[in-house]
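Work through the exercises below with the sequence and the 3D view side by side. Try each task before you read its solution.

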Amino acid sequence: MSKMQNSSGEGRLKDLLKKSLLNSLKKSAISLYSTLPLLLATVLLIALVFTLVPPDLYSPILESGGFVGAFSAGLIGSLLAGSPIISYIVAGELIKNGVSLFIATVFIVAWVTVGVVQIPAEAMILGKRFALVRNVTAFLLTFVIAALTVFLNNLI
Amino acid sequence: MAKKSFLKAIPSQWNFLIIVIAIYAVLYFVDYHSFILAFRKTIAILKEVLPTLALVFVLLAVSNYLFSSKKILSYLKDSLFTKWLFAILGGILSSGPVYMWYPMMADLRRKFFDDGLVACFLYNRSVKLPLLPVMVVYFGAKYAIILLFVTIITSILQGLIINKLMIGEKK
């Protein structure tokens with residue numbers, strides 16, 4: 001009797017795990033599917049921009065390595081939104097075109113930590129001052145993270 | 001009218017792709033050479049990205065399977081250390097768009113969290129473990145791991161800064 005109860009309990013647990021696993025697979029498929037059009041469009045656009053806009057035009061700004069290059073990368077990263085994969089692709093292409101790792105890192109970090117597009121929603125739910133202070137400090141810390149990461153990457 | 005309802009029927013994430021394809025169509029007729037170059041560049045980038053997307057799918061499924069938001073909440077205890085740990089791990093492990101988490105953060109701030117912990121949670125959402133393989137492909141494992149740790153440390157720093165700056169702010 002108890003054996004039968006155990007086996008039915010095990011069966012229920014297996015069913016539950018199977019259902020939960022299927023649910024997770026479905027959720028990730030939906031998540032990836034909803035990103036795919038944006039990913040494809042971004043890749044197409046990046047290829048187009050890199051073809052039509054010669055590196056000589058934007059590289060001096062980003063390659064300058066100084067305040068203007070880093071600030072521009074941070075600003076562009078903060079304004080753009082979407083899957084972080086897109087920022088990796090863009091930063092990877094920038095590095096291939098001679099942009100420094102520091103500026104590429106500023107771009108990636110600003111992309112994922114500063115959300116200019118989401119500020120209205122954040123301000124509405126968490127407060128205007130909080131949203132402003134959080135995004136401004138995140139923007140400033142972008143340069144700290146990039147400097148530390150590049151320093152440690154060269155050191156280790 | 002019919003045109004408007006047709007556009008509304010298209011999911012918003014497809015609109016951007018349709019616009020870019022339209023630009024390519026124009027380029028095909030205006031500058032065929034650039035069209036071919038851009039198309040080849042697209043294929044080259046996709047070849048780099050697509051294999052890793054399969055891995056991303058598996059890792060997303062694993063993180064969805066192991067960590068639901070209810071499960072994360074159940075681990076929340078009263079100690080300050082646990083709260084910071086929760087803010088860091090919760091931020092790293094949570095998935096979906098960041099704005100989905102704002103209501104939960106507002107709720108947590110009313111009950112257990114201060115502004116710094118909310119900021120720490122939101123900052124750690126920038127750590128995407130399932131996307132780590134993509135970053136490794138582009139920048140190398142050493143860089144990816146260093147950036148991961150520096151981001152986590154900075155999230156605590158930001159939390160502490162926010163707590164200082166938000167003193168006296170009414171919730």
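## Exercise 1: Two chains

In chain B, take the contacts between residues at least 6 apart in sequence: 71% of them join residues at least 24 apart. The model is predicted.

**Task.** Describe the make-up of chain B and of chain A: how many helices and strands does each have?

**Solution.**

Step 1. Take chain B. It has nine helices and zero strands. Read from the N terminus, its elements run α-α-α-α-α-α-α-α-α.

Step 2. Take chain A. It has seven helices and zero strands. From the N terminus its elements run α-α-α-α-α-α-α.

Step 3. Look at burial. Chain B has 171 residues, and 43% of them count as buried. Chain A has 156 residues, and 43% of these count as buried.

Step 4. Look at the surface. Chain B exposes about 9700 Å², with 73% supplied by carbon and sulfur atoms. Chain A exposes about 8100 Å², and there carbon and sulfur atoms supply 72%.

Step 5. Look at contacts in chain A. Of those between residues at least 6 apart in sequence, 75% join residues at least 24 apart.

## Exercise 2: Spans from a record

**Task.** Find the residues that UniProt lists as "transmembrane region" in each chain. Then check how much helix some of these spans hold in the model.

**Solution.**

Step 1. Read the record for chain A. The unreviewed UniProt entry lists residues 30-53, 65-91, 98-119 and 131-152.

Step 2. Test two of these spans. Residues 98-119 of chain A are 64% helix and 0% strand, with end C-alpha atoms 33 Å apart. Residues 131-152 of chain A are 100% helix and 0% strand, and here the end C-alpha atoms lie 31 Å apart.

Step 3. Read the record for chain B. The unreviewed UniProt entry lists residues 12-30, 50-68, 80-102 and 135-162.

Step 4. Test one span. Residues 135-162 of chain B are 96% helix and 0% strand. The end C-alpha atoms of that span are 29 Å apart.

## Exercise 3: Where the chains meet

**Task.** Describe the contact between chain B and chain A. Which residues of chain B lose the most area to chain A?

**Solution.**

Step 1. Count the residues. Chain B gives 59 residues to the contact and chain A gives 62 residues.

Step 2. Choose a yardstick. The size of an interface is often given as the accessible area lost when the parts come together.

Step 3. Apply it. About 5700 Å² is buried between chain B and chain A, and carbon and sulfur atoms give 78% of this.

Step 4. Name the residues. B:Tyr65, B:Tyr102 and B:Tyr143 lose the most area to chain A on the chain B side. Together they make up 12% of what that side buries.

Step 5. Zoom in on B:Thr42. This residue is in helix H3 (residues 32-66) of chain B. Its relative accessibility is 3%, so it counts as buried. Leaving aside neighbours within four places in sequence, B:Thr42 is in contact with A:Val43, A:Leu44, A:Ala47 and B:Tyr24.

Step 6. Do the same for B:Ser34. This residue also lies in helix H3 of chain B. At 9% relative accessibility, B:Ser34 counts as buried. Not counting residues up to four places away in sequence, B:Ser34 touches A:Thr51, A:Leu52 and B:Leu27.

Step 7. Add a charge over a ring. B:Arg109 lies over the face of A:Phe130, 5.5 Å from the ring centre.

## Exercise 4: Rings

**Task.** Take two aromatic pairs in chain B. Why does the pair B:Phe86 and B:Phe113 count as edge-to-face?

**Solution.**

Step 1. Start with the total. The whole structure holds 14 aromatic pairs over all chains.

Step 2. Look at B:Tyr28 and B:Phe29. This pair is edge-to-face, at 5.2 Å centre to centre and 85 degrees between the planes. B:Tyr28 is partly exposed, at 38% relative accessibility. B:Phe29 is exposed, with a relative accessible area of 70%.

Step 3. Turn to B:Phe86 and B:Phe113. Their ring centres are 5.6 Å apart and their planes are at 65 degrees, so the pair is edge-to-face. The cut-off is over 60 degrees.

Step 4. Place the two rings. B:Phe86 lies in helix H5 (residues 80-93) of chain B, and B:Phe113 in the loop between helix H6 (102-111) and helix H7 (115-124), so the pair ties together parts that are 27 residues apart in sequence. Both B:Phe86 and B:Phe113 are buried.

Step 5. Find the cluster. Ring pairs link B:Tyr24, B:Tyr28, B:Phe29, B:Tyr32, B:Phe35 and B:Phe39.

Note on methods:
Residues numbered from 1 in each chain as written. Chains lettered and ligands numbered in written order. Predicted model: local features only at pLDDT ≥ 70, side-chain atom pairs only at ≥ 80, totals over all residues. Heavy atoms only, no water. Phe/Tyr/Trp six-rings, centres within 6.5 Å; stacked < 30°, edge-to-face > 60°. Buried < 20%, exposed > 50% of the residue type's maximum accessible area, 1.4 Å probe, protein only. Helix = DSSP H or I, 4+ residues; strand = E, 2+ residues; numbered from the N terminus. Lys NZ or Arg CZ within 6 Å of the ring centre and 35° of its normal. Contact = heavy atoms within 4.5 Å. Areas by Shrake-Rupley, 256 points an atom, 1.4 Å probe, with all protein chains shown as cover. UniProt positions renumbered as here; feature names shortened; annotations may be inferred. Buried area = accessible area lost by both parts, 1.4 Å probe.
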